[in-house]
Amino acid sequence: MVINTSLAYPFYLAPVLFPKKRWLGLAPVLVGWSQIVLHGIVIPRKAGAKYGPGILTALLLHLPIGIGYLKAVGQQGPIRRKDWVTGLIGAVGSAVFGVAVPNMVMRDRNSPYAFTAKQMGPYDVETSSAAERVVA
């Protein structure tokens, strides 16, 4: 929740506040599209599942909104290579400093609010093997 409210909202709000900075819009588009791969392939494969939580959001929201953004920006003129490069750097930076680092820093394996293995199901990849998940 901390990641969404304090880190992701400003990331998605920045292109609205500074619409002439195209790279600010490209970064969230690239992050959204990367979620298609993450939630559609990586997470299900790692969990031994057929479905990755978040894939519908990635396909039904991130993909069409990103396409719409590119079409709208493209009507104003071609997107410069510098904008693509800066947008990619912004996307990677947000993934590292907006998701990975906060998750590692704020992780508490002894949290009284931890999800149970039953709640996690096949996505409880750190505490069970694939064979144990199938049996349960």
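**Group meeting: a helical chain, its patch and its pocket**

Hi everyone, let me start on the outside, with a nonpolar surface patch of about 600 Å² made by Tyr51, Leu56, Leu59, Leu60, Leu61 and Ile65. Before I go on, please keep in mind that this is a predicted model.

I'd like you to find Leu61, one of the residues of that patch. Leu61 sits in helix H3, which spans residues 55–75. How accessible is Leu61? Its relative accessibility is 46%, and partly exposed runs from 20% to 50%, so Leu61 falls in that class.

Now, Leu61 also takes us to the second largest pocket, where it is one of the lining residues. The volume of that pocket is about 220 Å³. Going along the sequence, the lining is Tyr12, Pro15, Gly25, Pro28, Val29, Thr57, Leu61, His62, Ile65, Gly66 and Tyr69. You may have spotted Ile65 there, and Ile65 is also in the surface patch.

Which helix gives the largest share of this lining? That is H3, with six residues. Helix H1 (2–17) and helix H2 (22–47) take part too, and each of these, like H3, supplies at least two residues. If you are wondering about chemistry, the lining has seven nonpolar residues and four polar ones, and no charged residues.

Let's step back to the chain for a moment. There are six helices and zero strands, so to speak an α-α-α-α-α-α run when read from the N terminus. The chain has 136 residues, and 27% of them are buried.

On to charges. Side chains of opposite charge can pair when their charged atoms come close. How many salt bridges does a search of the whole structure find? The answer is one. The partners are Arg80 and Asp83, whose side chains meet at 3.3 Å, N to O. What about the setting of Asp83, buried or exposed? Asp83 counts as buried, because its relative accessibility is 6% and the cut-off for buried is under 20%.

My last stop is Trp84, which lies in helix H4, residues 81–105. Trp84 has a relative accessible area of 34%, which means that Trp84 is partly exposed. If you measure along the sequence, Trp84 and Leu26 are 58 residues apart, yet in space their C-alpha atoms are 6.9 Å apart.

So that was the tour: patch, pocket, salt bridge and one tryptophan. Thanks for listening, and I'm happy to look at any of these residues with you on the screen.

Note on methods:
Residues numbered from 1 in each chain as written. Predicted model: local features only at pLDDT ≥ 70, side-chain atom pairs only at ≥ 80, totals over all residues. Heavy atoms only, no water. Patch = residues over 30% accessible without salt bridge, like charges linked within 9 Å, V, L, I, M, F, W, Y side chains within 5 Å. Areas by Shrake-Rupley, 256 points an atom, 1.4 Å probe, with all protein chains shown as cover. Salt bridge = Lys/Arg side-chain N within 4 Å of Asp/Glu carboxyl O. Helix = DSSP H or I, 4+ residues; strand = E, 2+ residues; numbered from the N terminus. Buried < 20%, exposed > 50% of the residue type's maximum accessible area, 1.4 Å probe, protein only. 1 Å grid on protein atoms, 1.4 Å probe; cavity = no way out; pocket = protein on both sides within 12 Å on 5 of 7 lines; lining within 4 Å. Points joined across faces, edges and corners; volume = space filled by probe spheres on them. Nonpolar A, V, L, I, M, F, W, Y, C, P; charged D, E, K, R; others polar.
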